[in-house]
Amino acid sequence: MQKSKQFLQFLKSLKFRLILLIVVIAVVPSLILSAAVLKYYEKRAVSIRESEILSQAKILANQIATSEYMKLGADVSSSNIQTQIDMLTTIYDGRVIVVDDNCKVYYDTYNLDDHKLIIAEEVMRSFKGEDIVHYDSENHYIEMTIPISDPDDKSQTVIGVMLISVSTDNIVINQSYMRQVAVIVMVMVGIAIVFFAILLLLYFLKPLQKIEEGIAAIKNGYGEYNLQVNDYTETAGICEKINQMLGRIKVMDDSRQEFVSNVSHELKTPLTSMKVLADSINSMPDAPKELYQEFMEDITNEIERETKIINDLLSLVKMDKSAAGLNVSSVNINELLEQILKRLQPIADKQKVELVLESFRPVTAEVDEVKITLAITNLVENAIKYNRNDGEGWVHVSLNADHQYFYLKVEDSGIGIPEESLDHIYERFYRVDKSHSREIGGTGLGLAITRNSILMHRGAIKVHSVMGEGTTFDVRIPLNYIA
């Protein structure tokens, strides 16, 4: 069973397929070439044989026409012409039939059709002065019909026709021998090709084996996270892509570890605060009621913060699932934005921030209403919370669209984001200003949730910010969702 499995794996391997490809490339043209050569040999040999026989047959026909051979009462058996006919049939292993001007057989070397009447198309055409040559490739013989006429006779009167049938078995035998030799040569060449193909492939595939061993070493935990197999341009490119992938995996692994650490810290902090508050209450049994109420209010705030962190984490988990989980429907984006800003208006009023919505055209898009609402809410809420506190702050939300996308822009006059932090704002639990974030109840997960939601809709988000002047988020989302 194990050997059978290994054999199947070998058949599926690149090595076997390349060997097979080399053999096919070498053998198939050889087969075609050998078949073409054998065919050409037969055609050429038959052509030469036809030329030889036709030349001698015409000489013989001229001699017959100028001799007494076909005259009444001539002694055929003792004639010199007869000797030449017999010699022709002997040399070329053929048969000669001489037909007189009455279409009767005058002489047959096989004595089978003597004095019989022959009325055939070829004979009739030869009586008109035409030479006819035909090769029967199935039965392997050449047929000729040649008119007999005196070359000195200006009228070219045909006095008879000579039919010649010659076997080409010797050509077929030679061709068969050449075919056997060709098969033997191709088998030997094929074996040599396979042998050298294996050697070449073992040499050329060695860099791939190095890559495989390097990946196995990394997998087992003792290899370097940097493959360098520069034998070929292709292997160097593969190693570069693998190293990029390994680097990304390492970043993701580090990010995961940091995320777990941040989650632990963020969840532990409120619990620690609640424990300290609870221990303080327990250690003061005679504390006044107002102090108890203050401590309980602090504990409630910590519980709310813990709940918000957990809810945001649950939202992120849902976002991390495949986009197949999207509940896509046709949504009026203008109405959706009005509802979101209406819910956030009390927060804006409390912060003394002017909240403005500007819609350039009606927009309807295929989105998951819950997830896209969460994304937009986070952007607008952050713009409100991280704004100026002098009563002159503003948040401007604008909506536009073309034939393919709708565009959402959230601008604010807030505190801004440092340039060095712009590449990290979508990381989970990342805060630009940790102290300010804690004051306003931020969890560091809002922008991560927003970005995930937009990406699930095959959209894009960009940010531009200037410290002390404000921040602008540009969102682009397709009008028609494509799974």
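The points below describe a predicted model, taken from its overall makeup to its elements and its cavity.

1. Overall makeup. The protein has 483 residues, and 36% of them count as buried. Its secondary structure comes to 12 helices and 12 strands. Among contacts between residues at least 6 apart in sequence, 63% join residues at least 24 apart.

2. Burial of strand 1. Strand 1 covers residues 94-100, and 7 of its 7 residues are buried, so the strand is largely enclosed by the rest of the structure. In a regular strand the side chains alternate between the two faces of the sheet. Here Gly 94, Val 96, Val 98 and Asp 100 point one way, while Arg 95, Ile 97 and Val 99 point the other way. Both sets are buried, and they include the charged-type names Arg 95 and Asp 100.

3. Partners of strand 1. Strand 5 (residues 158-167) pairs with strand 1 in the antiparallel sense, over 7 bridges. Strand 2 (residues 105-108) also pairs with strand 1 in the antiparallel sense, over 3 bridges. Val 99 can serve as a reference point for both pairings: its bridge partner in strand 5 is Val 161, and its bridge partner in strand 2 is Val 105. Strands 1 and 2 form a hairpin with 4 residues between them. In that turn, Cys 103 has a positive phi of about 65°.

4. Helix 5. This helix runs over residues 169-204, which makes 36 residues. From first C-alpha to last it reaches 50 Å, close to the 52 Å expected at 1.5 Å a residue. Its buried residues are Ile 171, Gln 175, Ala 182, Met 186, Gly 190, Ala 197 and Leu 201. An α-helix has 3.6 residues a turn, so residues three or four places apart point the same way. Helix 2 (14-66) is included in what covers the buried residues of helix 5.

5. The five-stranded sheet. An open sheet is formed by 5 strands in the order 7-9-10-12-11, with mixed pairing. Strand 7 (353-359) and strand 11 (460-466) are the edge strands, each pairing on one side only. Neighbouring strands of this sheet are turned by 10° against each other on average, direction ignored. Strand 7 and strand 9 (residues 393-401) run parallel and are joined by 7 bridges. Within strand 9, Leu 399 is the residue opposite Ser 359.

6. Helices on the sheet. Helix 9 (residues 333-351) lies across strand 7, strand 9 and strand 10 (405-412). It runs at about 170° to strand 7. Helix 10 (residues 369-385) lies across strands 7, 9, 10, 11 and 12, the last of these being residues 470-478. The angle between helix 10 and strand 10 is about 25°.

7. Cavity. The count comes to 1 cavity of 30 Å³ or more. About 40 Å³ of space lies in the largest cavity. Its lining consists of Ile 372, Ala 375, Ile 376, Leu 379, Phe 406, Leu 408, Thr 450, Ile 454, Val 475 and Ile 477. Helix 10, strand 10, helix 12 (446-456) and strand 12 each give two or more residues to this lining. Helix 10 gives the most, with 4 residues. Helix 10 thus appears both across the sheet and in the cavity lining.

Note on methods: Residues are numbered from 1 along each chain as its sequence is written. This is a predicted model: local features need pLDDT of at least 70, side-chain atom pairs count only at pLDDT 80 or more; totals for chains, interfaces and linings use all residues. Side-chain values use heavy atoms; hydrogens and water are left out. The expected span of a helix is 1.5 Å times one less than its number of residues. Buried means under 20% relative accessible area, exposed over 50%, partly exposed in between (1.4 Å probe, protein chains only). Contact means heavy atoms within 4.5 Å. Two strands pair if DSSP finds at least two bridges between them. Axes are lines fitted to C-alpha atoms, for helices over the stretch in contact, and angles run from 0 to 180 degrees between N-to-C directions. On a 1 Å grid over the protein atoms alone, a cavity is a set of points where a 1.4 Å probe fits but cannot get out, and a pocket is an open set with protein on both sides within 12 Å along at least five of seven lines; lining residues have an atom within 4 Å of a point. Grid points are joined across faces, edges and corners, and a volume is the space filled by probe spheres set on the points.
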